[in-house]
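This report describes selected features of one protein chain for a reader new to structural work. Please examine the sequence and the structure shown below before reading on.

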Amino acid sequence: MDIDRRNNVTVTGNPQGPTVVLAHGFGCDQNMWRLTVPALVEDYRVVLFDYVGSGRAEPSAFSEDRYASLDGYARDVVEVCEALDLRDAVFVGHSVSAMIGVLAADMAPQRIGALVMVAPSPRYIDDDDYRGGFSAEDIDELLESLESNYLGWSAAMAPVIMGNAEQPELGEELTNSFCATDPDMARVFARTTFLSDSRDDLKRVTVPTLVLECTQDVIAPREVGAFVHQAIPGSTLVTLDATGHCPHLSAPEVTNEAITAFLAGLR
């Protein structure tokens, strides 16, 4: 199947500039980057796509076996990079996509030359002295609720994930994005996301890496940002003056400023 159709690939911006790949998180699609793209298109070639099972990607390409692990989503990234023959691209991943980018960079090191991790979490479940923000029981309840009533779960959880109650339209947008996702495919992506443990993968990151965290984020608390920063040698940690789990929507100015400053330092 043609990769453009399979992953709804969009290429925009400066064809002569370095390439930046923007990757969405669970329940989202490439439209979530619409406030970031304008900050990049003058100087960079920008690649957007939807993971299979999300957005306008081709539903018939979905395989529960493939997408039951983050490796399956990382293969989507690598195959998009191969189809476009990308070299040393900067991969900007939101939420679970930050970890997918880590895996993709390990699979195809010649394709990805730097990482920007927006609100990353290598593990959502608390473990010994590691604080992921959730107990195992919390995640079991979350997944059980999602699987039994996906639309109801979306309406309840999206505003919590987004935060910024003073901007209810953002929570509504995320709710609508969740609700537009096929429930069966969302169930697979959710289990893969919330049950994954990518902590050991961080140690293998060798490319320049920017870690962006928010001052308050119920999904990825600041202890997680500190852990990711400490685990990746030479990484840069920036705490954005932003709340919620989607700063590229709730605080696009400071998020774009941090991303473009990092990109400028790579040139």
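In this predicted model, helix α5 has a kink of about 30° at A156, shortly before the proline P159.

**The helix α5**

Helix α5 covers residues 150–162. Does the helix keep the expected span or depart from it? At 1.5 Å a residue, its 13 residues should span 18 Å, and the C-alpha atoms at its ends are 17 Å apart, which agrees. Just after α5, the residue G163 takes a positive phi of about 70°.

The buried residues of this helix are Y150, W153, S154, M157, A158, I161 and M162. In an α-helix there are 3.6 residues a turn, so residues three or four places apart point the same way. The elements covering the buried residues of α5 include α4 (136–148), α6, α7, β7 (236–243) and α9 (247–250).

One of the buried residues, S154, may be considered in detail. S154 counts as buried because its relative accessible area is 0%, and buried means under 20%. Which residues does S154 contact, its neighbours within four places in sequence left aside? They are P159, T175, F178 and C179. C179 stands 25 residues from S154 along the chain, yet the C-alpha atoms of the two are separated by 6.5 Å.

**The cavities**

Rolling a probe the size of a water molecule over the atoms shows where empty space is left. The structure holds three cavities of 30 Å³ or more. The table sets out two of them.

| Cavity | Volume | Nonpolar lining residues | Polar lining residues | Charged lining residues |
|---|---|---|---|---|
| Largest | about 130 Å³ | ten | five | none |
| Second largest | about 40 Å³ | seven | four | none |

The lining of the largest cavity consists of 15 residues, and those nearest its centre are F26, S95, I161, F178 and H245. Helices α5, α6 (168–179) and α7 (183–195) each supply at least two residues of this lining. I161 is also among the buried residues of α5, and F178 is one of the contacts of S154.

The second largest cavity is lined by F26, G27, V52, G53, S54, F62, Y73, T181, M185, A186 and F189. Which helix gives the largest share of this lining? It is α7, with three residues. F26 belongs to this lining and also lies among the residues nearest the centre of the largest cavity.

**Two residues with positive phi**

Most residues other than glycine have a negative phi. D88 has a positive value, near 55°, although it is not glycine. Its place is in the loop between α2 (70–83) and β4 (89–94). A119, likewise not glycine, has a positive phi near 55°, and A119 lies in the loop between β5 (112–118) and α4.

Are these two residues buried or exposed? D88 is exposed, because its relative accessible area of 54% is over 50%. A119 counts as buried, because its relative accessibility of 2% is under 20%.

Methods. Residues numbered from 1 in each chain as written. Predicted model: local features only at pLDDT ≥ 70, side-chain atom pairs only at ≥ 80, totals over all residues. Heavy atoms only, no water. 1 Å grid on protein atoms, 1.4 Å probe; cavity = no way out; pocket = protein on both sides within 12 Å on 5 of 7 lines; lining within 4 Å. Points joined across faces, edges and corners; volume = space filled by probe spheres on them. Helix = DSSP H or I, 4+ residues; strand = E, 2+ residues; numbered from the N terminus. Nonpolar A, V, L, I, M, F, W, Y, C, P; charged D, E, K, R; others polar. Expected span 1.5 Å × (residues − 1). Bend = angle between axes of the 7 residues up to and from the residue. Buried < 20%, exposed > 50% of the residue type's maximum accessible area, 1.4 Å probe, protein only. Contact = heavy atoms within 4.5 Å.
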